[in-house]
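Q: I have a sequence and a model open side by side. How do I read the features in it?

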Amino acid sequence: MRIFDPHIHMTSRTTDDYEAMYEAGVRGLVEPAFWLGQPRTSPDSFYDYFDALLGWEPYRAAQYGIAHHCTIALNPKEANDPRCTPVLDELPRYLVKDGVVAVGEIGYDAMTPAEDTALAAQLQLAAEHGLPALVHTPHRDKLTGLRRTIDVVRESDLPPGRVLLDHLNETTVEEALDSGCWLGFSVYPDTKMDEDRMVAILTTYGTDRMLVNSAADWGKSDPLKTRRVGEAMLAAGFSAADVDQVLWRNPVAFYGLSGRLRLNVPAPGALHEGNSVLRGGE
């Protein structure tokens with residue numbers, strides 16, 4: 001089983017996770033820029049973070065045989081903080097980087113006017129830079145948030161076929177499918193989606209434009225949930241080709257719209273500014 005995790009925050013994970021993910025079949029991933037749990041207090045902290053997503057983290061992943069890509073954006077939660085919004089003016093210099101495969105995470109958290117402005121501006125940046133967009137649908141009042149998101153997408157210059165609507169569930173799947181966008185589902189230990197619910201959705205709606213991610217971060221989450229969905233699909237009677245479509249071909253097709261996917265990882269062993277993460281390794 002080969003796996004491409006289209007949404008996982010590896011900055012918050014350990015090298016043990018990389019090892020376990022590789023063993024489970026993960027060979028590629030996308031790490032979206034997101035908030036850090038504690039509010040940032042200036043734009044400069046974003047730039048160091050973006051640089052790490054483009055430099056250190058791809059190197060760290062490659063040490064364990066996994067191709068790392070990222071998305072760059074001002075996330076919806078911090079779009080409400082005027083100390084952070086100057087980041088919007090600096091995004092173009094990051095969006096031209098080879099490792100950036102989409103603008104994201106963008107979208108809604110509390111559905112404020114400030115989030116409206118940030119979402120529209122970043123959809124425009126995606127259109128101007130020839131990139132797809134990864135859109136975070138809100139955790140609260142999800143259907144209203146989805147409808148508002150789709151309206152903003154339709155008003156933008158970015159076609160729906162270049163937009164991935166993430167963190168979906170049973171209440172939003174039909175309207176998301178009708179929008180023409182790609183659909184993302186985050187599978188968690190206790191919240192969002194689980195394996196059985198995900199299989200039920202795939203049974204009802206099919207596998208086209210469907211992506212499954214772990215969205216693993218510093219909270220209670222599991223970077224192997226993608227593998228567990230694949231196993232649950234097989235147990236439910238899906239074919240190996242169906243599993244490959246959901247866990248590999250669909251995310252590769254979506255992020256491949258950027259023209260920047262690099263799925264061949266060089267052999268481990270190189271240093272990053274004189275450092276290696278393989279402590280004591282040969």
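A: We start with one loop residue. Asn169 sits in the loop that links strand E6 (163-166) to helix H7 (173-179). Keep in mind that the model is predicted.

Q: Is Asn169 buried or exposed?
A: The cut-off for buried is under 20% relative accessible area. Asn169 has 16%, so Asn169 is buried.

Q: Which residues does Asn169 touch, leaving out those up to four places away in sequence?
A: There are contacts from Asn169 to Lys142, Phe185, Met193, Arg197 and Ile201.

Q: Now the helices. How is a packed pair described?
A: Two values do the job: the angle between the axes and the distance between the axes. Take helix H8 (residues 195-205) and helix H9 (residues 225-235). Their axes come within 9 Å and cross at roughly 55°.

Q: What orientation do H8 and H9 have to each other?
A: H8 and H9 are oblique to each other. The crossing of H8 past H9 is right-handed.

Q: Which residues make the contact of H8 with H9?
A: H8 supplies Glu195, Met198, Val199 and Leu202. H9 supplies Lys225, Arg228, Val229, Ala232 and Met233. By class, the contact of H8 with H9 holds 6 nonpolar, no polar and 3 charged residues.

Q: H9 also packs with helix H10 (residues 240-255). What are the angle and the distance between the axes of H9 and H10?
A: The angle is about 155°, and the axes are 9 Å apart. Angles over 145 degrees count as roughly antiparallel. H9 and H10 are therefore roughly antiparallel to each other. H9 passes H10 in a right-handed crossing.

Q: Which residues make the contact of H9 with H10?
A: From H9 come Thr226, Gly230, Met233 and Leu234. From H10 come Ala240, Asp242, Val243, Val246 and Leu247. The classes of the contact of H9 with H10 are 6 nonpolar, 2 polar and 1 charged.

Q: On to cysteines. How many disulfides does the structure hold?
A: First the general idea. A disulfide is a covalent bond between the sulfur atoms of two cysteines. The structure holds 0 disulfides.

Q: Why does Cys70 form no bond with Cys84?
A: Distance is the reason. The cut-off for a disulfide is a pair of cysteine sulfur atoms within 2.5 Å. Cys84 has the closest cysteine sulfur to that of Cys70, yet the two are 18 Å apart, too far for a bond.

Q: Are Cys70 and Cys181 buried or exposed?
A: Cys70 is buried, at 0% relative accessibility. Cys181 is buried too, at 1%.

Q: Next, the backbone. Where is a cis peptide bond found?
A: Look at the bond that joins Gly104 and Glu105. That peptide is cis, with omega of about -10°. Glu105 belongs to strand E4 (residues 100-107).

Q: What is the phi of Met111?
A: Phi of Met111 is near 60°. This is a positive value in a residue other than glycine. Met111 lies in the loop between E4 and helix H5 (113-128). At 15% relative accessibility, Met111 counts as buried.

Q: What is the phi of Arg209?
A: Arg209 has a positive phi of about 60°, although Arg209 is not a glycine. Find Arg209 in the loop between H8 and strand E8 (210-213). Its relative accessibility is 25%, so Arg209 counts as partly exposed.

Q: Last, distance along the chain and distance in space. How many residues apart are Gln63 and Glu19 along the chain?
A: They are 44 residues apart along the chain, and their C-alpha atoms are separated by 9.5 Å. Gln63 is in the loop between helix H3 (56-62) and strand E3 (67-72). With a relative accessible area of 6%, Gln63 is buried.

Q: Where is Thr15, and which residues does it touch, not counting those up to four places away in sequence?
A: Thr15 is in helix H1 (residues 15-24). Thr15 touches Arg60 and Tyr64. At 24% relative accessibility, Thr15 counts as partly exposed.

Q: What separates the C-alpha atoms of Thr15 and Met198?
A: The separation is 28 Å, for residues 183 apart along the chain. Met198 is one of the H8 residues in the contact with H9.

Methods
Residues are numbered from 1 along each chain as its sequence is written. This is a predicted model: local features need pLDDT of at least 70, side-chain atom pairs count only at pLDDT 80 or more; totals for chains, interfaces and linings use all residues. Side-chain values use heavy atoms; hydrogens and water are left out. Axes are lines fitted to C-alpha atoms, for helices over the stretch in contact, and angles run from 0 to 180 degrees between N-to-C directions. Helices (H or I, at least four residues) and strands (E, at least two) are DSSP runs, numbered from the N terminus. Angles under 35 degrees count as roughly parallel, over 145 as roughly antiparallel, 65 to 115 as roughly perpendicular and the rest as oblique. A crossing is left-handed if the near helix is turned anticlockwise from the far one by less than a right angle, and right-handed if clockwise. Contact means heavy atoms within 4.5 Å. Ala, Val, Leu, Ile, Met, Phe, Trp, Tyr, Cys and Pro count as nonpolar, Asp, Glu, Lys and Arg as charged, and the others, Gly among them, as polar. Buried means under 20% relative accessible area, exposed over 50%, partly exposed in between (1.4 Å probe, protein chains only).
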